[in-house]
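Please open the structure in your viewer and keep the selection panel at hand. The stops below indicate what to select next and what is to be found there.

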Amino acid sequence: MSPGENDDRALRSAFVAYTVTATLWLLFATAVGVLLAYKFGAPDFAPGEWLTFGRLRPIHTNATFFGWASLALVGLAYYVAARSSGTRLYSVKLAWIGLVLFNVAAVAGTVALDLGYNDGNLEYREWPWPIRLIFLAALVITAWNLIGTVARRGTKDIYLSNWYTIGGVLWTCIIALVAILPWYQYGLGQVSVSGYYMHNAVGMWFTPLALGIFYYALPKLLSRPIYSYALGVFAFWTNLVFYPIIGAHHFLFSPLPWWLQTTAIVFSVAMLVPVWGGSANFLLTMRGRLRDLVHSYPLMFIFVGVIGYLVGSTQGTFEAFRSLQEVWHLTNFTVGHSHLTMYGFVTFAIWGGVYALLPLATGKAPGQLGLSLHFWMAVVGSFIYVISLSIGGTIQGLDWIHGQPFIESVVDIQAYWVWRGIGGALMFLSHVVFAWNVWRMSFGPSAKAAPLAPPRANEAAA
Ligand code: HEM
Ligand code: HEM
């Protein structure tokens with residue numbers, strides 16, 4: 001069923017609302033991130049109980065995950081699903097209900113954590129479980145709405161992006177449920193479930209949704225089809241087969257069965273198949289057109305995102321070997337990996353998608369200065385962040401291996417923490433500029449000419 005003007009308007013409003021609220025969460029969560037970064041050098045700064053490191057850290061991680069990245073990716077997924085299927089949203093009402101539930105969960109989770117109510121040390125699920133139920137409800141609604149939208153498509157094939165986004169939302173409903181069921185939350189089994197939850201949150205939620213953006217935005221920006229549709233499908237299925245089994249690599253050398261840890265390592269190596277297959281597909285789609293990057297910031301953001309995916313995930317494979325875990329486990333090297341992937345890959349993918357698609361939806365464009373300031377501050381800032389923690393984390397790990405007193409490792413990493421703070425401040429400034437750009441793309445003056453041809457049914461697949 002072809003969309004009419006009212007349907008376009010409804011889709012645009014939902015897309016704008018998801019992007020704007022996600023941007024507010026990015027600003028909040030990374031302001032907290034910068035404060036946390038400075039606390040490493042000045043632990044007594046901002047001491048009140050509501051501002052302690054222990055409360056603010058999970059506020060930062062949950063707000064970046066479930067406020068920023070999740071909301072922005074769902075907004076993009078709706079837009080891509082409707083446009084690539086040449087139809088309207090299955091239910092505009094459900095999209096808005098989902099938006100309210102996601103935000104209620106994120107606000108309630110943040111307040112609960114700051115008041116000291118949490119579900120213990122279960123990473124990325126510190127929100128008390130009733131609040132996580134609200135998030136799960138929002139996920140179920142989103143899955144239903146995305147499937148309903150794609151089911152209305154006028155074509156036989158489901159475009160590749162929708163495989164990834166619908167797959168991602170469905171898997172995450174399962175993961176979020178497993179994280180709540182009480183009989184999984186005790187003893188050694190809980191450790192295993194924690195690894196399963198943590199890694200699938202990044203690998204089966206953020207990763208497929210971000211890859212879905214690449215598969216839609218890249219062909220659109222370059223006006224050429226994706227290099228290989230079949231390779232994209234192959235990467236989708238191998239991702240599904242290999243990812244769910246690698247969670248135990250977070251707990252190498254723990255009391256978990258040795259065979260489970262070894263299996264996780266083997267499948268961490270197997271992950272090179274979808275990662276290299278997917279990255280090759282994106283890079284080959286760009287082949288011969290790298291010069292166009294210079295003229296298109298959306299393409300530059302996507303290019304950095306693809307490199308972040310390739311390098312960050314490959315780094316993850318190496319990190320999973322026992323010999324390297326011995327050095328890097330529990331050090332700041334892992335924090336560098338987290339930001340190389342969640343920032344260098346997922347966040348850059350979102351930015352590329354928003355800059356490529358929001359102007360198409362609204363007919364309003366950001367200025368060149370805003371785009372370039374955002375891009376360069378984010379790239380340079382995150383480069384400083386990741387490199388300093390990678391070096392500092394390695395020194396930290398070597399100090400521990402050599403049996404140095406713990407305080408020695410703290411002294412040795414100090415300078416790298418200062419650099420992380422500098423990189424983090426640049427990243428935060430880039431987010432302020434991004435917020436300004438989102439404002440211009442959502443509510444600013446209309447662009448004289450739309451930056452790209454208006455989207456029509458299934459054209460990305462063509
Ligand atoms: C597919 C290949 C990947 C492999 C084999 C891999 C491997 C690893 C390993 C071994 C760790 C544990 C480090 C430790 O505890 O010492 C880790 C941590 C982490 N990874 Fe990856 N990674 C991959 C891709 C990704 C991607 C694509 C993302 C984000 C979208 C990501 C996000 C994270 C995060 C956030 C952590 C920190 C978890 C924590 O809090 O302990 N990884 N990864
Ligand atoms: C201005 C930008 C940012 C700054 C300054 C920043 C800073 C920090 C700091 C200081 C920590 C605590 C590290 C520790 O406990 O040793 C942290 C953890 C974390 N942050 Fe950020 N962050 C930023 C942006 C983001 C974004 C946008 C995301 C996700 C999209 C993110 C995801 C994470 C994750 C997953 C962790 C846990 C890492 C782990 O346990 O390995 N951060 N961040």
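Begin by selecting His337, which is found in helix α12, spanning residues 332–362. The model is a predicted one, and this histidine is a suitable starting point for the ligand. Display ligand 1 together with His337: the iron atom of the ligand has a single donor from the protein, namely NE2 of His337, at 2.2 Å. The count of donors includes N, O and S atoms within 2.8 Å of the metal, and since water is not among the atoms, the site may look incomplete.

**The whole chain**

Now zoom out and colour by secondary structure. Which elements make up the protein chain, helices or strands? The chain has 14 helices and zero strands. Read along the sequence, the pattern is accordingly α-α-α-α-α-α-α-α-α-α-α-α-α-α. The radius of gyration is 21 Å, close to the 23 Å that the globule rule gives for 462 residues, so the chain is as compact as a globular protein of that length. With the view aligned to the principal axes, the C-alpha trace spans about 65 × 45 × 45 Å.

Switch next to a surface representation. The protein chain exposes about 18,700 Å², and carbon and sulfur atoms supply 72% of that area. Of the 462 residues, 57% count as buried. Among contacts between residues at least 6 apart in sequence, 83% join residues at least 24 apart. Colouring by charge brings out 24 positive and 17 negative side chains, with the centres of the two sets 16 Å apart.

**Two buried residues**

Select Val306, in helix α10 (residues 297–319). Is this residue buried or exposed? Val306 has a relative accessible area of 0%; it is buried because this value is under the 20% cut-off. Leaving aside neighbours within four places in sequence, Val306 is in contact with Phe214, Ser279, Phe282, Leu283 and Met286. For a distance label, add Met198: its C-alpha atom is separated from that of Val306 by 22 Å, and the two residues are 108 apart along the chain.

Proceed to His431, located in helix α14 (residues 406–443). His431 has 1% relative accessibility and so counts as buried. Which residues does His431 contact, apart from neighbours within four places in sequence? They are Leu26, Leu27, Thr30, Tyr343 and Trp351. One of these, Tyr343, has a number that falls within the range of helix α12 (residues 332–362).

**Three partly exposed aromatic residues**

Select Phe53 in helix α2. The relative accessible area of Phe53 is 33%, which makes the residue partly exposed. Beyond its neighbours within four places in sequence, Phe53 is in contact with Leu36, Phe40 and Pro58. A label drawn from Phe53 to Leu35, C-alpha to C-alpha, should read 9.1 Å, for a pair 18 residues apart in sequence.

Trp96 is the next selection, in helix α3 (residues 92–114). With a relative accessible area of 35%, Trp96 is partly exposed. Not counting residues up to four places away in sequence, Trp96 touches Ser13, Ala14 and Ala17. The C-alpha atoms of Trp96 and Tyr18 are separated by 8.9 Å, although the two residues are 78 apart along the chain.

Then select Phe234, in helix α7. At 44% relative accessibility, Phe234 counts as partly exposed. Gly277 lies 43 residues away from Phe234 in sequence and 8.1 Å away in space, C-alpha to C-alpha.

**Two positive phi angles**

The last stops concern the backbone. Most residues other than glycine have a negative phi. Where, then, does Ala46 lie? Ala46 is found in the loop between α1 (5–41) and α2 (53–85). Its phi is positive, at about 50 degrees, although Ala46 is not a glycine.

Finish at Phe253, in the loop between α7 (229–242) and α8 (258–270). Phi of Phe253 is near 70 degrees, again a positive value in a residue other than glycine. At 40% relative accessibility, Phe253 counts as partly exposed.

Note on methods:
Residues are numbered from 1 along each chain as its sequence is written. Chains are lettered from A and ligands numbered from 1 in the order in which they are written. This is a predicted model: local features need pLDDT of at least 70, side-chain atom pairs count only at pLDDT 80 or more; totals for chains, interfaces and linings use all residues. Side-chain values use heavy atoms; hydrogens and water are left out. Donors are N, O and S atoms within 2.8 Å of the metal (3.2 Å for Na, K and Ca); water is not among the atoms, so sites may look incomplete. Helices (H or I, at least four residues) and strands (E, at least two) are DSSP runs, numbered from the N terminus. The radius of gyration is taken over C-alpha atoms; the globule rule is 2.2 Å times the number of residues to the power 0.38. Buried means under 20% relative accessible area, exposed over 50%, partly exposed in between (1.4 Å probe, protein chains only). Contact means heavy atoms within 4.5 Å. Accessible areas come from the Shrake-Rupley method with a 1.4 Å probe; for residues, only the protein chains shown count as cover. Lys and Arg count as positive and Asp and Glu as negative; His and the chain ends are not counted. The place of a charge is taken as NZ of Lys, CZ of Arg, CG of Asp or CD of Glu.
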